[in-house]
Structure formats: structure tokens, C-alpha cells
Amino acid sequence: MKSYAALVSTCIRSAVSAVVFGLAGFPLMAAQNLLLVENGVSRAPIVVFQDAPPLTRQAADELAYYIEKVSGAKPDVIEGQPDPIPEHAIWVGYQPVLKKLFPELVFEFEHPGEILLAANENHVVIAGRDVWDPDCLVMTNKSGKAINGVQQEYGTHNAVYTFLRDQLGIRWLWPGETDIPERSTIALEPFVYRYHPQFLARGGLLAYSLFESGGPGGLDDPSFYSGGPRSGYWMRAQRLQLSELPSLGGHGPWNEWWVRFYETRPDFFALQPDGTRGGVDEPPPGMEKPAPGAHTKHRTNVKMCESNPDILPQWLDDVEEELKQNPNKRVFNVSPLDGWTRGHCICEDCRAWDHPDGPIRSPFIWKGMAQDYLSLSDRDVKFANRLARGLKERFPDKELYVYMLAYGHSRPAPIEAVPDDNVIIGNVANFLLRSDMLDRGSTTGVPHRENFADWGKLTKLQFWRPNTGSPVGWQTGLPDVSFQRTIDDIKFAAEHGAMGIFVDWIREHWSTQAPMYYLMANLIWDPYQDGQAILDDFYNRAYGPAASAMKAYWTYMEDIREQCYGTEKPGEPDHDVVEFYNEERLGKAEELLDKAEAQAAEGAPKYVQRIEFARVGLEFTKLYTEIVRLMKDVKSGDDKDGTARAQVIANWEEMRVLQQEHPKAMMWRKIFGGSD
């Protein structure tokens with residue numbers, strides 16, 4: 001596993017709880033098992049270190065909550081080292097006394113996000129690398145709600161959830177559905193486990209829920225599904241949300257700069273062939289085009305004159321202001337705005353930054369003209385490096401990073417420029433769910449995977465930032481599950497240097513895609529796991545006696561998807577969902593669910609309920625695909641008597657009922673036309 005220790009600042013004013021790591025593979029002597037709970041009676045209190053930050057302290061409470069759920073006995077939670085030391089205890093976070101209680105272990109930092117779990121015959125330690133500024137522990141989410149516990153690293157919290165998963169056997173299947181084994185005695189054999197994640201930015205897997213909070217037992221944020229879903233707590237339990245770097249996926253601040261500087265500093269913006277500055281003046285889809293001369297935030301395609309040295313001091317002043325508002329901010333996005341084909345600067349200095357041996361890209365579009373031109377990768381990296389070096393000079397005591405998308409005409413790796421050691425490349429390599437997809441801007445048919453691998457040779461600071469598209473109804477909420485492709489793709493990204501992820505977008509359609517999200521979450525925590533074993537674990541824990549039948553159901557859905565994938569018609573972005581999710585196939589899928597439900601009846605009621613959750617997704621798929629089929633008749637004028645139109649309306653009403661009865665099943669807001 002590769003180390004990214006250089007990413008972690010040890011110079012910031014912070015309180016730190018050390019991760020524990022020791023002599024790899026030291027022999028464990030035969031010893032008596034440690035009883036945490038015996039016949040429904042707690043034998044070991046939880047001890048969390050004094051003045052722990054809020055989320056670390058909360059993790060200790062959540063550990064007590066789940067121990068009670070498993071055994072019926074809730075251990076006491078003690079803050080600070082007790083006197084006398086308990087005979088048996090669960091120690092949450094590093095405390096100096098642990099050196100005496102675990103003399104074989106060495107306590108010091110090594111890797112970002114590193115965790116340590118260990119037990120001997122008397123004590124358990126659950127610790128991780130925690131870094132925080134005690135004066136900056138509050139932030140607000142997108143809804144303006146204050147969230148406590150903001151840190152730079154959350155090792156102990158993630159260690160607690162690793163312990164709950166690996167030692168107590170708890171599984172968070174999907175939001176609000178947790179599988180908790182019950183046993184009156186909890187005993188641990190002596191063990192040592194330490195791990196540090198390769199993906200340091202993990203929260204961008206489910207970006208909609210990145211800033212949402214919540215607690216155990218399905219106590220998610222009250223707004224969880226009002227605009228939803230929002231699965232913040234599920235993400236935390238999967239060790240995604242609280243990661244070591246922020247998850248970025250969007251574009252830079254240049255839209256705001258256009259509003260601020262278009263009059264006073266037009267030279268900041270890209271020179272166009274007609275002598276104007278800015279870019280191709282087109283509004284986003286659905287927005288009215290601004291009046292001539294108007295300069296508004298609608299001008300999303302504005303591009304920068306990246307070679308202009310005067311951008312640097314103004315940008316650094318802006319960073320300084322941002323740091324006053326949020327001293328913990330470490331990563332600053334300087335990526336070009338969207339509209340990757342349009343309006344790039346043609347001034348002599350910018351073109352001098354383009355390497356003459358770069359691959360030819362197509363198309364480049366300006367007002368009234370278009371042509372092929374060189375890759376912009378060298379240009380973008382030189383721009384990012386200039387800003388990154390400015391950060392080091394202006395803020396020598398901080399560890400700050402520039403984030404630059406490898407996107408559009410900068411997808412290929414640069415020929416000569418190399419990203420500095422504080423430049424993070426967000427690689428928009430769209431091979432998630434579409435392993436063999438080609439780069440649209442390439443004139444030679446280069447696959448996205450090849451671009452990603454080439455960047456991985458240049459930098460260890462690479463985020464994987466794929467767009468998912470909607471290959472076989474993924475965004476719509478159809479059962480577009482591609483398990484083996486996902487296993488292969490995430491492993492490929494990891495093997496080629498990915499250290500963060502941001503997916504644009506996963507819309508959280510849980511009843512049709514839950515096993516995919518579960519698989520992805522586990523692989524982002526550890527991409528070298530056996531993906532099929534993760535899926536088998538999901539089926540066994542979710543469906544009990546119906547595990548084999550439900551595995552057959554989800555595998556069948558994957559088979560339909562794979563038959564459909566790659567058959568789209570020329571010029572059409574999506575596949576024919578009516579053809580592939582047809583009555584015959586969906587009928588067979590329903591038979592598989594019926595078989596599973598009959599098997600599940602032999603077990604606990606929860607198994608039948610979980611199968612019914614999947615059935616909601618199948619019912620949605622039937623209703624939606626029938627709407628698509630009927631609308632063809634409506635639009636073509638073949639619906640003379642209005643029968644098709646009436647059935648479309650009836651199907652929408654049935655989906656509204658599903659929404660009311662099963663609000664957690666789908667991201668209904670998107671299905672009924674809401675925006676991201």
C-alpha cells in the first residue's frame with residue numbers, strides 16, 4: 001500500500017490523538033479471551049481520552065449504543081483516564097497509559113487516516129490518527145445547519161466503525177437498514193489490526209450526502225429524504241464521510257471572477273479570435289440568454305487567460321480571505337469552468353504553454369468558428385503550478401493544495417509539465433460503469449483508462465472524478481447494476497494511483513441499486529478486497545435464508561444490464577430501456593423475487609421486508625419503462641383515443657403512491673423532475 005504521509009500537516013495548531021502502530025507480525029501469546037459482555041452484563045467500560053473532539057467523543061457513545069444493541073448491556077462511557085485503571089476496558093483514542101497496557105505496541109504517527117485495533121486478555125484499544133483545531137470545530141452544511149466535529153483527520157471515529165463491523169459483525173446495508181447480530185456474551189480473542197486507506201478523499205462517492213449528519217439507529221438528519229435521499233450517517237458508518245481530505249469535484253471560482261472583474265481586468269479572461277475576452281457567451285441549458293452587454297453568473301463558459309501573471313496575486317488575496325473564514329481549508333479549486341470545448345484562450349503566451357507534441361483534440365469552439373488544436377494539459381498544469389508555488393510563498397507555515405481537473409481537452413497527460421507536490425489532479429476519466437469508454441475529445445480513440453494511467457505515472461496526488469452518465473438507466477433509477485465492472489474499475493483506479501474520489505453523480509436510488517452502493521463503499525475503503533465476497537456478505541446479511549435467491553435476482557439484473565450496455569444507437573446518449581427492461585425480463589425478475597420471498601418466510605420478518613424493498617424498485621422499473629413505451633405513441637400521434645396518455649398519468653400516480661409509502665426507496669425528487 002502506498003503512503004501519502006506528505007499530505008498531512010503536523011505544523012498546524014492542533015490537538016492530536018496518535019494512531020497506534022507497532023511491530024508488524026509480532027507473535028501473539030496464547031491468552032484468555034477478553035469478555036466485554038458476559039451473559040448480558042457489561043464487564044468493560046469505554047474510556048475516551050480527555051477533551052476529545054466532538055465526533056471522536058460521539059463515536060465512543062455510538063460504540064456503547066451498538067454494544068447494547070448486540071448484547072443488551074450498555075457499557076459506561078468515561079472521559080479521561082480513570083483512577084484506578086479498570087481491570088478491563090475499551091480505550092477509544094490514544095492515551096499515554098496504553099503504553100503500559102500494550103507494551104508490545106509502538107505509539108506514533110505513520111500514515112494519514114491510519115487506524116489501530118488491538119485486544120489482549122484485559123483491554124481493547126480502538127485508536128486512529130485524529131487531527132483537529134479546537135477553535136475550528138463548527139461548520140455549516142448546504143442547508144445552513146451547524147455541524148459539530150469538523151477535523152482534518154478522523155482516525156479514531158473510523159476505527160470505531162471498523163471495530164463494530166469486524167469484531168461485532170454489524171452491517172449498514174442501506175440507510176435506515178442495519179443488520180445487528182444478537183448475542184448475550186461478547187468475547188474477543190487477542191488480535192492486532194492496523195490499516196490506512198489509500199483513498200484519502202472518500203466522501204465524494206455519494207456527493208449528495210457529503211455534508212449531512214445523523215446518528216446510529218437510522219437517526220439520520222430530519223431532512224434526510226425531504227429533498228433526498230441524504231444518507232450522511234450511512235456514509236459515516238461505511239467510513240466514507242469522515243476522510244482525510246475534502247472531496248472536490250466541481251470547477252474553479254472563475255464565474256465569480258467574471259462578475260467581479262470583467263470591467264476592471266478584462267485581461268484576466270481568455271482572448272477570443274474576435275478580440276473579445278471571456279469565452280463563448282452561452283447560458284446553461286434552460287436559462288435565458290443574457291441581454292447583449294449583460295455580465296451575469298449565467299456566463300458559465302468563461303475561460304481564463306491562464307498565462308497572465310497578474311491572476312496570481314489576486315487569487316492569493318482571495319485565498320487569504322477564505323482562510324480567515326475557514327482556517328482549516330486546505331484545498332483550493334482552480335479548474336477551468338465547464339463547457340470544455342468552448343472559448344479557450346488563444347493569446348500568444350497561453351499558446352506558448354501548449355506543448356507542440358501534445359495530442360490533437362477536437363473540437364475547439366469559438367464564436368463563429370471551430371477547429372482542432374493541441375491538448376491543453378501542459379497549459380493547465382503550468383497554471384496550477386504557478387498558483388501552487390504562490391501558496392507556498394504566501395503561506396509557508398500551512399500545507400495547502402491546488403486542485404486542477406484533468407478534463408475536456410486536458411484529459412491526456414501533459415508531455416512536459418509535471419504537477420508540483422501540492423497540486424492535486426482531479427481526473428475526469430469516465431470509465432466507472434463504462435470500462436471501455438473512449439475520450440470524446442480524442443481524435444485517435446484513446447480510452448479514458450489509458451488517460452488515467454498516464455497521469456498516474458506523473459503524480460501520486462490524483463483524484464478519480466468520473467461522470468457516471470446514464471449507461472442503462474443509472475441516473476433514472478433503473479436497476480443498472482454492473483458489479484464486476486465496478487470491482488475492476490475501482491481496483492484499476494487504485495493500482496494507478498487514485499487517492500481520492502468524487503463521482504458525478506450517484507443519485508441514491510436504493511431500492512434498485514443498493515448492492516452497488518454497498519460494494520462501492522467497501523471498495524473505496526479498501527480497493528484490494530474481493531469484490532464478489534463483499535456482495536456475498538451483503539446477500540447473506542440482508543436476506544438470510546433467501547440469500548441465494550436474491551443473489552440470483554441481482555445477478556440477473558446485472559446480466560440484463562450487460563446485454564444492454566454498448567447497444568445504444570448512433571447519436572443517442574442512452575439505451576433503449578423499453579427493449580431491454582421488457583415485460584418478459586421483468587416478469588422473470590419478479591419470479592426470482594417471489595422465490596426469494598418464499599425462502600425468506602423461514603427466517604425473521606426483516607428478510608421479507610428487505611425483499612419487499614427491492615420489489616419497490618422492480619415496480620418502479622415496470623411503471624417507468626411502460627411510461628417510456630406509451631409516450632412514443634403519444635408523441636407520434638398514434639394515441640388517437642387517449643388511452644396511452646391516460647395510462648401514463650395513471651403510472652405517474654402509482655409512482656407517487658410508491659413515493660409516499662417508501663420515501664427511502666428512490667431519489668424521488670429526481671424522478672419527478674427536481675434539479676441536482
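Two residues are in contact when heavy atoms of theirs lie within 4.5 Å, and with that meaning the views below can be read.

**View 1. The whole protein, shown as a predicted model.**
In this predicted model, residues 24 or more positions apart account for 75% of the contacts that have a separation of 6 or more. The protein contains 18 helices and 28 strands, and buried residues make up 57% of its 676 residues. About 27200 Å² of the protein is exposed, and carbon and sulfur atoms supply 50% of that area.

**View 2. An open sheet of six strands with mixed pairing.**
The strands of this sheet follow the order S5-S4-S6-S8-S7-S16. Its edges are formed by strand S5, which covers residues 77-79, and by strand S16, which covers residues 191-195, each of them pairing on one side only. From one strand to the next, the twist averages 15 degrees. In a regular strand, side chains alternate between the two faces of the sheet.

**View 3. Strands S4 and S6 of the sheet, with helix H1 packed on the sheet.**
Strand S4 (residues 46-48) and strand S6 (residues 89-92) run parallel and are joined by three bridges; in one pairing to look for, Val48 has Val92 of S6 as its bridge partner. Helix H1, made of residues 54-71, packs on the sheet and touches S4, S5, S6 and strand S8 (123-128). The direction of H1 makes about 175 degrees with that of S4.

**View 4. The hairpin formed by strands S13 and S14.**
Strand S13 (residues 171-174) runs antiparallel to strand S14 (residues 177-179), and three bridges join the two. Among the residues to locate here are Arg171 and its bridge partner in S14, Asp179. Two residues lie between the strands, and Gly176, which is in the turn, has a positive phi of about 85 degrees.

**View 5. Helices H10 and H11, packed with their axes 10 Å apart.**
Helix H10 (residues 483-495) and helix H11 (residues 510-525) pack at an angle of about 15 degrees; angles under 35 degrees count as roughly parallel, and H10 and H11 are therefore roughly parallel to each other. The crossing in which H10 passes H11 is right-handed. On the side of H10, the contact is made by Phe483, Thr486, Ile487 and Ile490, while H11 contributes Pro515, Met516, Leu519, Met520, Leu523 and Ile524.

Key
Residues numbered from 1 in each chain as written. Predicted model: local features only at pLDDT ≥ 70, side-chain atom pairs only at ≥ 80, totals over all residues. Heavy atoms only, no water. Helix = DSSP H or I, 4+ residues; strand = E, 2+ residues; numbered from the N terminus. Buried < 20%, exposed > 50% of the residue type's maximum accessible area, 1.4 Å probe, protein only. Areas by Shrake-Rupley, 256 points an atom, 1.4 Å probe, with all protein chains shown as cover. Pairing = 2+ DSSP bridges. Axes fitted to C-alpha atoms, helices over the stretch in contact; angles between N-to-C directions. Parallel < 35°, antiparallel > 145°, perpendicular 65-115°, else oblique. Left-handed = near helix turned anticlockwise from the far one by under 90°.
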